[in-house]
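User: Could you take a close look at one helix for me and explain, step by step, how it is connected to its surroundings? I am in my first year, so please explain each term as you use it.

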Amino acid sequence: FLQYFLNFIFITFYSILIIHMTLTKKINISYIIILLFFSLFFNQIFGNIGLNPIDSFFSFNTGYDILKGHFPFKDYWTITGPFIGFAQALFFKLFGVSWSVYVFHASVINSILTLFIFFTLREFDLNLHYSFLYSFLISILAYPSIGTPYVDHHAAFLSLIGILCFVLAVKKNLKIYWFILPIVLGLSFLTKQTPTGYAFVIIATLSSIYFIFNYNFKNFLFGLLGCLLILSVFFITLIITKISFLSFFEQYILFPLSLGGSRIEFLFPLEFSRVIMRFKVMHLASIILIIIVLKNIKENYKYLISKEFLI
């Protein structure tokens, strides 16, 4: 039941995305087909080039264990999110246990990210050909860099999709994005705590600001329904697999927090050379955007509460 339920959620989400993009007149269906094909193709090619030190067997083993009825937190200790393991078990169930199927899992995530970025760029009226080019480059650089399913990549890409959902929700004022947003963030968190935690703090803060100045009950309600859906799926999964919530909380929340203490200490001392100069390229990339924002604020202070400022 659990495997088919997760399959239903996954296919439904993917189908809504494809149908919605197809029905949007701004989208060229041929570009969608090309991006879908090559985002799958590139990762399958790179993921199947022998075995390399960068290849991870963690999700392969976890997916196989779940397929055989051995569940995380209950049958073995883990601090890694369960979503990637359950998803891998689903792929093995549908297509059989093999390395190609293992790589195909990453290829599907690569295609979802590629199409979502393409769709987002088109929603901002970027030239069709530029949108295709940038998305095509994403299909090469995203998951093919590792080829196999990995928690850091899954969580990073799902967090990015969550941020794009928030951006589209603010820009288009559509209920569907507010509904999808907590689902994507929930799956991302159940993959890995970071960087999902950072994305959640940013989105929660900006969402609060948005609803203060642009309150819409239906949007808020659909966001709440999305939260209830992902929480319901989570607790139903715990009940079906007989995983104790206390075990989950201890292994996935408390223990990683104890490990994260050393990372917080690494931030100090707050010196200019460590905080600014060390990441000068990333800071330089933001200068133009910062100048534009400051210019707009100077011209009109109400820009601070505008949708564009939140985006």
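Analyst: What follows is a look at helix H7, its salt bridges and its contact with helix H8. This is a predicted model, in which local features need pLDDT of at least 70 and side-chain atom pairs count only at pLDDT 80 or more, while totals for chains, interfaces and linings use all residues. Residues are numbered from 1 along each chain as its sequence is written, and side-chain values use heavy atoms, with hydrogens and water left out.

Helix H7 covers residues 151–172; helices here are DSSP runs of H or I with at least four residues, numbered from the N terminus. The structure holds three salt bridges, a salt bridge being a side-chain nitrogen of Lys or Arg within 4 Å of a carboxyl oxygen of Asp or Glu. One of them joins the side chains of Lys172 and Glu123, with N to O at 3.2 Å. Because Lys172 belongs to H7 and Glu123 to helix H5 (residues 99–123), this pair ties together parts that are 49 residues apart in sequence. Lys172 is partly exposed at 32% relative accessibility, whereas Glu123 is buried at 6%; buried means under 20% relative accessible area, exposed over 50%, and partly exposed in between, using a 1.4 Å probe and protein chains only.

Another salt bridge links Asp152 with Lys192, whose closest N and O atoms are 2.4 Å apart. Asp152 lies in H7 and Lys192 in the loop between helix H8 (175–189) and helix H9 (196–213), so parts that are 40 residues apart in sequence are tied together here. Asp152 is partly exposed, its relative accessible area being 29%.

H7 also meets H8: their axes come within 9 Å and cross at roughly 165°, where axes are lines fitted to C-alpha atoms over the stretch in contact and angles run from 0 to 180 degrees between N-to-C directions. H7 is therefore roughly antiparallel to H8, a label for angles over 145 degrees. The contact, meaning heavy atoms within 4.5 Å, includes Leu158, Ile161, Phe166 and Lys172 of H7, and Trp178, Ile180 and Leu185 of H8. By class, this contact of H7 with H8 has 15 nonpolar, three polar and one charged residues; Ala, Val, Leu, Ile, Met, Phe, Trp, Tyr, Cys and Pro count as nonpolar, Asp, Glu, Lys and Arg as charged, and the others, Gly among them, as polar. Lys172 thus appears both in the contact with H8 and in the salt bridge with Glu123.

Methods
Helices (H or I, at least four residues) and strands (E, at least two) are DSSP runs, numbered from the N terminus. Angles under 35 degrees count as roughly parallel, over 145 as roughly antiparallel, 65 to 115 as roughly perpendicular and the rest as oblique.
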